[in-house]
Amino acid sequence: MGRKASPIVLGIESSCDETGAGLVQDGRLLGHAIASSMDEHARYGGVVPEIAARAHVHAVRPVVQQALDGAGLRLCDIGAVAVTTGPGLSGALQVGLAGAKGIAYALGVPLYGVHHLAGHVAADTLEHGPLPDPCMVLIVSGGHTSLLLVRDLARDPIVHLGDTLDDAAGECFDKVARVFGLPYPGGPAIDRAARVGDPRAVPFPRPLTGPRDEPYDFSFSGLKTAAARWAEGHADRELPVADGAASLQEAIADVLTRKAVAACVEHGVGTLVVVGGVAANSRVRSLAEERCRAAGVELRVPPLRLCTDNGAMIAAVGDLLVRAGAEPAPLDVSIDPSAPLEYAALRPVAAIAKAVAA
């Protein structure tokens, strides 16, 4: 007799400007759907929290239905619900959690509060299977840049080897793109412009790569400023945007991949997983491939559709938690907009406060 299949997990993601729903069972992606409010934010050059929250209210129900339809499933087929409870925009997170609670409680199925960044890590499992134990994970997104040592994602604490001290890599892309006159979001715009530029044209700095610097921390604020100063120096003549974009992209990719591969070598880890929105950047991917190959390290990067925020990655974490026998979230599960990444599952803020008081 074969093993009984795990329940189908619905994942809901609403931490920023994408409303995502995904369905995962036993590590297999059954279907997912995304609605983005990015176009509504573009005129402001960044995400407006109130606009994002309102868009989630309108999108969450149809997105869940679209994911179900794509998988050929009905709502009653869902056996567990996972939802991003932090970090992210407070109002946006509240919408996703309210929707997830409504579905879970109506169906009488367990609910799991998931850390957004753990979702990015788990996204790779939907394409390449279980994560090796241990593996090195480089998370690069608009708000986060971290280098992590990951063992069992569902059970073990996540070890931070390094984090950004100021701007994240994606934030640097967005802010410099604005200075260069490129549209929002900045990452894809820089990537497109860089295709016809010279990555050696501008000697932008490589932050925190000196012998006395912390080996695995990141800092992109100074690089952002250097790019802005370079652009200001062309006030009286046309800005060579392609060269600036290519040089900025090269600097960011160089720092990210140099530190990540060095961490793999130092810690004897044979697999590097690069995840998050910036993992979609063409130069980050190609330089990571080149350096991993030279160091004898296996590189795993999710497909482009799973790099940006999506519900499938949250469902993937929920699926791992279910199969690991993790305790579901309590009825008073709450959001934590600035939640640190310690475990894949988030404890409610109220429970943490009680534990501290005790």
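Which residues of H11 are buried? In this predicted model, the buried residues of H11 are Gly311, Ala312, Met313, Ile314, Ala315, Ala316, Val317, Gly318, Asp319, Leu321 and Val322. The briefing below covers that helix, a second helix named H9, an open sheet of five strands, the residue glutamine 25, and the cysteines of a structure that holds zero disulfides.

**Helix H11**

- Helix H11 runs over residues 311-323 and has 13 residues.
- From its first C-alpha to its last, H11 reaches 18 Å, close to the 18 Å expected at 1.5 Å a residue.
- Eleven of the 13 residues in H11 are buried, and the helix is described as mostly covered.
- The N-terminal end of H11 is capped by asparagine 310, which has a side-chain oxygen 3.1 Å from the backbone nitrogen of alanine 312.
- Glycine 325, just after H11, takes a positive phi of about 75°.

**Helix H9**

- Helix H9 spans residues 241-267, a run of 27 residues.
- The distance from the first C-alpha of H9 to its last is 39 Å, close to the 39 Å expected at 1.5 Å a residue.
- H9 is also mostly covered, with 19 of its 27 residues buried.
- Glycine 268 follows H9 and has a positive phi, near 65°.

**The sheet**

- Five strands make up an open sheet with mixed pairing, in the order E3-E2-E1-E4-E5.
- Strand E3 (28-36) and strand E5 (111-115) are the edges: each has a single partner strand, so one side of each is left without a neighbour in the sheet.
- From one strand to the next, the twist averages 20°.
- Strand E1 (residues 8-13) pairs with strand E2 (residues 18-25) in the antiparallel sense, over five bridges.
- Glutamate 13 stands opposite glycine 20, which is in E2.
- The pairing of E2 with E3 is antiparallel as well and runs over eight bridges.
- Alanine 21 has alanine 33, in E3, as its bridge partner.
- A hairpin is formed by E2 and E3, with two residues between them.
- In the turn of this hairpin, aspartate 26 has a positive phi of about 50°.
- Helix H4 (residues 116-123) lies across E1, strand E4 (78-86) and E5, and runs at about 90° to E5.

**Glutamine 25**

- Glutamine 25 is located in strand E2.
- This residue counts as buried because its relative accessibility is 18%, and the cut-off for buried is under 20%.
- The side chain of glutamine 25 reaches the backbone oxygen of serine 6 at 2.7 Å.
- Beyond its neighbours within four places in sequence, glutamine 25 is in contact with Ala5, Ser6, Pro7, Ile8, Leu30 and Asp319.
- One of these contacts, Asp319, is among the buried residues of H11.

**Cysteines**

- Why is the sulfur of cysteine 264 not bonded to that of cysteine 292? The two sulfurs are 6.2 Å apart, too far for a bond, and cysteine 292 holds the closest cysteine sulfur to cysteine 264.
- A disulfide needs the two sulfur atoms within 2.5 Å.
- Cysteine 307 is in no disulfide either; its nearest cysteine sulfur, in cysteine 292, is 15 Å away.
- Cysteine 264 counts as buried, at 1% relative accessibility.
- Cysteine 307 is buried too, with a relative accessible area of 0%.

Terms used
Residues numbered from 1 in each chain as written. Predicted model: local features only at pLDDT ≥ 70, side-chain atom pairs only at ≥ 80, totals over all residues. Heavy atoms only, no water. Buried < 20%, exposed > 50% of the residue type's maximum accessible area, 1.4 Å probe, protein only. Pairing = 2+ DSSP bridges. Helix = DSSP H or I, 4+ residues; strand = E, 2+ residues; numbered from the N terminus. Axes fitted to C-alpha atoms, helices over the stretch in contact; angles between N-to-C directions. Contact = heavy atoms within 4.5 Å. Expected span 1.5 Å × (residues − 1). Polar contact = N/O pair within 3.5 Å; in protein donor to acceptor, adjacent residues only side chain to side chain.
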